[in-house]
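Dear colleague,

Please find below the structure that I am handing over to you. My notes on it follow.

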Amino acid sequence: MSDSPAPAQSPGTSRSTSATIPPNILRCLTPVTDGYGVDLRPELSRVGLDEAMMCSAALRVSYRQGSAVIRRALELTGDAHLGLRVGAAQHLTSWGLLGFAQMAAATLREAIETGVRFQNLSGAMVVWSAGQEETGYALRAELPDPALDPAVAVFLAEEAFASVVALTRLSSGTDFAPQSVEFTFPAPRHLGPVTDLFRCPVRFDAAHNRLVFPTVWAGRPMPGHDRVTYTAVVELLEEQVAARRDQQDLLEGLEISIAQSLPDVPSFVGQARRHASSERTLRRRLAECGTTYEAIVDGVRRERVEQLLRRPELTLRDIARQAGFSDVRALRRAVHRWHGVTPARLREESAKQ
């Protein structure tokens, strides 16, 4: 089989501030952390999310927002295998229409390929690919940002494969076990949670995050197979992908325009004209993306400040001016809101990385 279609996320074009990811992982994360007595609402609020927004099917979050919440959840729970718990707690309904299409697929292999094809609708924070390899039918999960916080990277890799195994067992049989699982990160101190979940050989410090399916399982019929239903749901998913592509283009266009204009911020009226729409229409389109123009400006400024703080020759006054802040006090307030620390402390932490 040829490799599955390349993910819609194109390296070098997607920006971490774009709110384009369905927050499925965050929705599954919250009840798991509740079990630890950890309340994630303050952290969700810190990144601009509240309970009402989290209940909205239209909500989209950015990679930055998702990573920040996950990082805080890891700190508060102290559970190095939190990703395993979140992945294992999921159901096919957690993935919406995509999960329904997978249940109606002809075989497990077709269900996997459908998941890869429409991965940007699943809330995935890894980049999926699948194909036949020498060792068997393999599913890979790569991180889109190599500079990701190591703890968050471990969470995402564990969550990705734990969810696949959990959903396969729910849909095809509880006796399912991968042929092998490989992770790029070093072996954890406690292997029990990993081996207990996967029930197969697990290798660490590997070249890729990879899960290999036994051949007999890859071709196994799905219990809920229905060709008519599968075809109808896939048509709906294709429509969603087309709409999402338009949203991604809009968000990236606005971000690039703002980034190129700093320290000045283009007016919203000017942006509406640039996109050949009225102000009302542009606000509605941004609302459909789960964001606002103000939030996009804030995200671009945040990214610019983080970049400038890595340059030791720049003073805080230089950074405030180049990022479009009125003065150093406004810069300090913004950095504290984003990171909970002063610009000087953030600069020290960045220098250590």
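The paragraphs below describe the core, one buried residue and a surface patch.

This is a predicted model, in which local features need pLDDT of at least 70 and side-chain atom pairs count only at pLDDT 80 or more, while totals for chains, interfaces and linings use all residues. Residues are numbered from 1 along each chain as its sequence is written, and side-chain values use heavy atoms, with hydrogens and water left out.

The largest nonpolar core (buried Ala, Val, Leu, Ile, Met, Phe, Trp, Tyr and Cys residues joined through side-chain atoms within 4.5 Å) has 73 residues, of which Leu29, Ile70, Leu156 and Phe198 touch the most other members. Helix H8 (residues 150-172) gives the largest share of this core, twelve residues. Helices are DSSP runs of H or I with at least four residues, numbered from the N terminus. Beyond four places in sequence, the contacts of Phe198 (heavy atoms within 4.5 Å) include Leu84, Phe161 and Pro178.

Thr33 belongs to helix H1 (residues 24-34). Because its relative accessible area is 0%, Thr33 is buried; buried means under 20%, exposed over 50% and partly exposed in between, with a 1.4 Å probe and protein chains only. Leaving aside neighbours within four places in sequence, Thr33 is in contact with Val38, Leu40, Ala73, Thr77 and Leu82.

At the surface, Leu97, Phe100, Met103 and Leu236 make a nonpolar patch of about 310 Å². Patch residues have over 30% relative accessible area and no salt bridge (a side-chain nitrogen of Lys or Arg within 4 Å of a carboxyl oxygen of Asp or Glu), and nonpolar side chains are joined within 5 Å. Phe100 counts as partly exposed because its relative accessibility is 41%.

Yours sincerely

Terms used. Patch = residues over 30% accessible without salt bridge, like charges linked within 9 Å, V, L, I, M, F, W, Y side chains within 5 Å. Areas by Shrake-Rupley, 256 points an atom, 1.4 Å probe, with all protein chains shown as cover. Helix = DSSP H or I, 4+ residues; strand = E, 2+ residues; numbered from the N terminus.
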